[in-house]
Amino acid sequence: MADRNSIITLPHPHLRERSSKIKVITDEVNRVVEDMKTATLDWEASRPHEVGVALAAVQINKLVRIVIIRNDFDNKDDRSFAVLINPEIIKTEGEPEYDHEGCLSVKDIYGIVPRYPKIRVKAMDASGNDIRLRAEGFLARVLQHEIDHTNGVMFIDHVKDEKSFFKLNSEGKLESITYEAVKKTGILR
């Protein structure tokens, strides 16, 4: 049995399932949030060139609609996270913009993914209070990526061009990888 803080990776079937809504904040919900934080920071500690910016509960094999987002993407020493329960995108703005994305549940593969530059989200915080937020730029991208996870959608599902896949090399630089090589990993639908 996997550790409760272990991050599952494709082709694990739970990553393709919709997560359940949370109706009440319980001790178990709080435990899942803490496990998510631990898993993200443990993953980050093993990756010299990457930062764990966010995680969805399904990534630690809990099919509930919880997302954590790092409070400061640029400061690896800031190990605090915002908690969003039942997050839902209620509005998108602008034309989708393309940029690189990776995922803790997709080992070493990156892709060019379109995302809306501005979004509005409703959710509950860790205390069960309703919240609404506006996000743009990188935060909007991260939120769309994580909310996709709660719906069983992975970033690789959005890659439009077979030439838009990359692998991280030992120096922390992205190198192009063939679609055939990606297919051989078993991560594509």
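User: How many bridges join β6 to β7?
Analyst: This is a predicted model. In it, β6 and β7 run antiparallel. One facing pair is I119 with A135, the latter in β7. The count of bridges joining β6 to β7 is 7.

User: Which residue in the turn between β6 and β7 has a positive phi?
Analyst: β6 and β7 form a hairpin. Between the two strands lie 5 residues. The turn residue with a positive phi, of about 90°, is G128.

User: Which strands stand at the edges of the sheet that is ordered β1-β2-β3-β6-β7?
Analyst: The sheet is open and has 5 strands, with antiparallel pairing. An edge strand here has a single partner, so one side of it is left without a neighbour in the sheet. That applies to β1 (54-56) and β7 (130-136).

User: By how much are neighbouring strands of this sheet turned against each other on average?
Analyst: The order to follow is β1-β2-β3-β6-β7. The average is taken over neighbouring strands, with direction ignored. It comes to 40°.

User: Inside that sheet, which residue in β6 stands opposite I89?
Analyst: Start with the strands: β3 (residues 81-93) and β6 (residues 118-124) run antiparallel. They are joined by 6 bridges. Opposite I89, in β6, stands V121.

User: What angle does helix α1 make with β2?
Analyst: Helix α1 covers residues 27-45 and packs on the sheet. It touches β1, β2 (66-70) and β3. Its direction and that of β2 make an angle of about 45°.

User: Which strands of this sheet does α2 touch?
Analyst: α2 packs on the sheet too. Its direction makes about 125° with that of β7. The strands touched are β1, β2, β3, β6 and β7.

User: What is the strand order in the open sheet of 4 strands?
Analyst: The pairing in this sheet is antiparallel. β4 (97-103) and β9 (174-176) each have a single partner strand, so they stand at the edges. The twist averages 35° from one strand to the next. The order is β4-β5-β8-β9.

User: Which strands of the 4-strand sheet does helix α2 touch?
Analyst: Helix α2 spans residues 137-150 and packs on this sheet. Its direction makes about 55° with that of β4. The contacts are with β4 and β5 (106-115).

User: Which residue is the bridge partner of E101 in β5?
Analyst: β4 and β5 run antiparallel, joined by 6 bridges. A hairpin connects them through 2 residues. The partner of E101 is G111.

User: And which residue in β9 is the bridge partner of K167?
Analyst: Strand β8 (residues 165-168) pairs with β9 in the antiparallel sense. The pairing extends over 3 bridges. K167 is partnered by E175.

User: Is H149 buried or exposed?
Analyst: H149 is found in helix α2. Leaving out residues up to four places away in sequence, it touches E17, A56, V58, Q59, C103 and M154. Its relative accessibility is 1%, and the cut-off for burial is under 20%. So H149 counts as buried.

User: Which elements give two or more residues to the lining of the largest pocket?
Analyst: The largest pocket holds about 630 Å³ of space. Of its 29 lining residues, V51, G102, C103, L104 and Y110 lie nearest the centre. The elements giving two or more residues are β4, β5 and α2.

User: How many charged residues does that lining have?
Analyst: Sort the lining of the largest pocket by class. The nonpolar residues number 15 and the polar ones 6. The charged residues number 8.

Conventions:
Residues numbered from 1 in each chain as written. Predicted model: local features only at pLDDT ≥ 70, side-chain atom pairs only at ≥ 80, totals over all residues. Heavy atoms only, no water. Pairing = 2+ DSSP bridges. Axes fitted to C-alpha atoms, helices over the stretch in contact; angles between N-to-C directions. Contact = heavy atoms within 4.5 Å. Buried < 20%, exposed > 50% of the residue type's maximum accessible area, 1.4 Å probe, protein only. 1 Å grid on protein atoms, 1.4 Å probe; cavity = no way out; pocket = protein on both sides within 12 Å on 5 of 7 lines; lining within 4 Å. Points joined across faces, edges and corners; volume = space filled by probe spheres on them. Nonpolar A, V, L, I, M, F, W, Y, C, P; charged D, E, K, R; others polar.
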